[in-house]
Structure formats: C-alpha cells, structure tokens
Amino acid sequence: MSDKSFKRPSIANRDGLILYCNQYSYFCHKVLQALHVKGIPFEKYEIDVTNDEHFSEWFLELNPRAELPVLQNGLLIVPGSSRILDYLEENFPKSKSLRMPNDADKQVLGFRKTIESLPIGVLTIGSFLHPRHTGSPKFPFILPVRQTIIARESTLAERLRTYAANYPAFGEGLSKKADFHERKRGIIASEEYFCKLLDALDEFLSNVEQYLATIENVERNWLCGTDAFTIVDICLGTLLYRLYVLGLEDRFWGADRKRPQLERYFAKVCQQPSFQEVLPSKVSILRTVWINMPPVYKAGLAAVSSVLISSTLLKR
C-alpha cells in the first residue's frame, strides 16, 4: 500500500472542463482523443495510479468507484469514458461532431457496443501472465514493468480493503470492489479463458475486416462510410492501439497481411493528429518505465532508452 498522502489539487476548484485521467489508460485515451478532435478547451490532471491516488479520499469524493476517467465541469461530475463521450456530444453542439449519422449501418452501431463490452483489464493483465500468446509488447509494457504491474494487481484486493477501513464513507463500495477483484484474479490467471478471449476478438475483428472491405474509397472514408471521423472510429482505433502495445498485432492483422483492411485502417488512425496528440512522449514513457521498474533492472535503463528512441514506431 502506498504511504503517499494526496491532497485535493487546486485545479479541482477551477472553472471549465477538467479531465482526471492517466496517460496509459485505455479508457482515458478515448476521451482525450475526442476532446482534441472536437477542439474543446480543457485542463488535464494526471492521476498517479502508481501510488493509488485514485483511491485517495479526495478522488473518491469525485468518483466513489475510484475509476478513470472523470470529467468535471464546475459542480457537475461525469465518470466513465462512454458517459463522457456522450456528454460531450450533447453539451458541446458547436464543436466538431463525433456523432454517428442516423442512417449508420446497424453493424457499425454494434461495433461500438461490442468494443465497450470487452474486458480490457483482463486482456491486458492476461497478456502479461500468458506471454506465449503475444509477440513483442511495446513501451512502457516491457518485462520489468509487466512484473511490477502483476505484483500490484496481486495485492489490489488487500489494498482496497485497507482503504475501505481508512475511508468509512466509501467503505461499502471499496469492499465490493475488493471482492470483485478477488473473483477476477481467478479469471485473469486462467490461460483457457485468455485464449477464449483472443478467439472472440479474432471473430469480432474478422467481422470488422469484412465490413471495411465493403467501404468505397477506404483511403478517405471511415467506418460510417463517409469522411466523418466518429465515436466508433475512436473506439476501434483505441482498441487496435491497445492490442498493438500488448504485442498482439501479428496475431490479429500484421503477420502475412492476415487482415489487410484492418492493417490499413490502423495505419490511418495512427496518422490522425488527435491520435498523435494523446500518445505519451518518449520522456514520459521513460519516466514511467523508471518508476515501475524493480531496482535490479534500473542499471540497464540507459541501454533500454537507446532502443526506445531508435525503434518506437509511433513517433511524436
């Protein structure tokens, strides 16, 4: 358990939009990209998840579920990426729209629903526990960092119960969250379940590949069949990027041009200015690696840094 004491930040008292997030969060990535696409001014507060700031009392007052992202607009608090994306569309009509057209193909509408139902946490930690099913994970998810994340995951339920005792007003919710994580640990540890999850993703991405093949002028048009970049493109692009950094791109599209339409689509997403805008900088990645790296590995960080600078595929 972290012994770092977090105080309510001064930014929380300001007017305007404030996004509480973490730069490596899958769900935060979606919201950050939407804000940049829409051109909505906002302030960002980076939550220190390494030291459990999302379990601090001040953050629990914002979101008792202790989950990211959280959007604050004055006294209004909007938690969760899906709710935030919809809130931005409803309340900022003058900004660039990410809304899917009313006549959007039902299959495309289903893509968003499927992506939002995926257990991304299980997929991420499962890839760390069952590395023989992945290729080469990208920074910051190198082996020492994965080991640190796994170790923290193994003590999460215990830490949650400690926080529940420390903050009685949020005790019931944190205790239920601890129970949930204890049950989830068994699921994550199951290689059989992880393989079933990969198979389900294979089936879903095959459907996406088939649909992409029906779009005219795929170099110009997005999932809704027009040049409009919408919420479903943010959802799919973020999913593909998470698969990429976990080292799963060869399984799903890279090797032997398994899914050429999907590969082309992902490359197009990566070229989007809004996508590049939310990627962590190299300095930020190195700092994260350093913080999460066990002491035994830190002596070799200089060598690792040179590899990062020369081989990172998605450059700022």
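This report describes a predicted protein model, from its strands and helices to its cavity and loops.

## Basis of the description

The model is predicted: local features need pLDDT of at least 70, side-chain atom pairs count only at pLDDT 80 or more, and totals for chains, interfaces and linings use all residues. Residues are numbered from 1 along each chain as its sequence is written, and side-chain values use heavy atoms, with hydrogens and water left out.

Helices (H or I, at least four residues) and strands (E, at least two) are DSSP runs, numbered from the N terminus.

## Strand E1 and its neighbours

How many residues of strand E1 are buried? In E1, residues 17-21, 5 of the 5 residues are buried, so the strand is largely enclosed by the rest of the structure. Here buried means under 20% relative accessible area, exposed means over 50%, and partly exposed lies in between (1.4 Å probe, protein chains only). Both faces of E1 are covered: Leu-17, Leu-19 and Cys-21 are buried on one side, and Ile-18 and Tyr-20 are buried on the other.

Strand E1 pairs with two strands, E3 and E2, where pairing requires that DSSP finds at least two bridges between the strands. With E3 (residues 70-73), E1 shares 4 bridges and runs antiparallel; Gln-72 of E3 is the bridge partner of Ile-18. With E2 (residues 43-46), E1 also has 4 bridges, but these two strands run parallel. In this second pairing, Tyr-20 stands opposite Tyr-45 of E2. Helix H1 (residues 26-38) completes a right-handed β-α-β unit with E1 and E2. Right-handed means that, with the strands pointing away from the viewer, the path from the first strand over the helix to the second runs clockwise.

## The annotated region

The UniProt record, in an unreviewed entry, lists residues 15-96 as "domain: GST N-terminal". UniProt positions are given in the numbering used here, feature names are shortened, and annotations may be inferred rather than shown by experiment. In the model, residues 15-96 are 37% helix and 21% strand, and the C-alpha atoms at the two ends of this stretch are 22 Å apart.

## Helix H10

Helix H10 covers residues 231-245, and its 15 residues should span 21 Å at 1.5 Å a residue; the end C-alpha atoms are 21 Å apart, which agrees. The expected span is 1.5 Å times one less than the number of residues in the helix.

Is H10 buried or exposed? Of its 15 residues, 15 are buried, so H10 is largely enclosed by the rest of the structure. Gly-247, which follows H10, has a positive phi near 85°.

## The cavity

Rolling a probe the size of a water molecule over the atoms shows where empty space is left. A cavity is a set of points, on a 1 Å grid over the protein atoms alone, where a 1.4 Å probe fits but cannot get out; its lining residues have an atom within 4 Å of a point. Grid points are joined across faces, edges and corners, and a volume is the space filled by probe spheres set on the points.

A search of the whole structure finds 1 cavity of 30 Å³ or more. The largest cavity has a volume of about 140 Å³. Its lining consists of 14 residues, of which Gln-23, Tyr-24, Tyr-241, Arg-242 and Val-245 lie nearest the centre. H1 and H10 each supply at least two lining residues, and H10 gives the most, with 4 residues.

## Prolines and loops

Two cis peptide bonds can be described here. One runs from Leu-68 to Pro-69, with omega near 0°; Pro-69 is in the loop between helix H2 (57-62) and E3. Another joins Phe-139 and Pro-140, with omega about 5°, and Pro-140 is in the loop between helix H5 (120-129) and helix H6 (143-154). Pro-93 lies in the loop between helix H3 (81-91) and helix H4 (106-117), and counts as exposed at 67% relative accessibility.

Asp-52 has a positive phi of about 65° although it is not a glycine. Its place is the loop between E2 and H2, and at 2% relative accessibility Asp-52 counts as buried. Asp-256, also not a glycine, has a positive phi of about 55°. Asp-256 lies in the loop between helix H11 (249-254) and helix H12 (260-270), where it counts as exposed at 78% relative accessibility.

Definitions and conventions
On a 1 Å grid over the protein atoms alone, a cavity is a set of points where a 1.4 Å probe fits but cannot get out, and a pocket is an open set with protein on both sides within 12 Å along at least five of seven lines; lining residues have an atom within 4 Å of a point.
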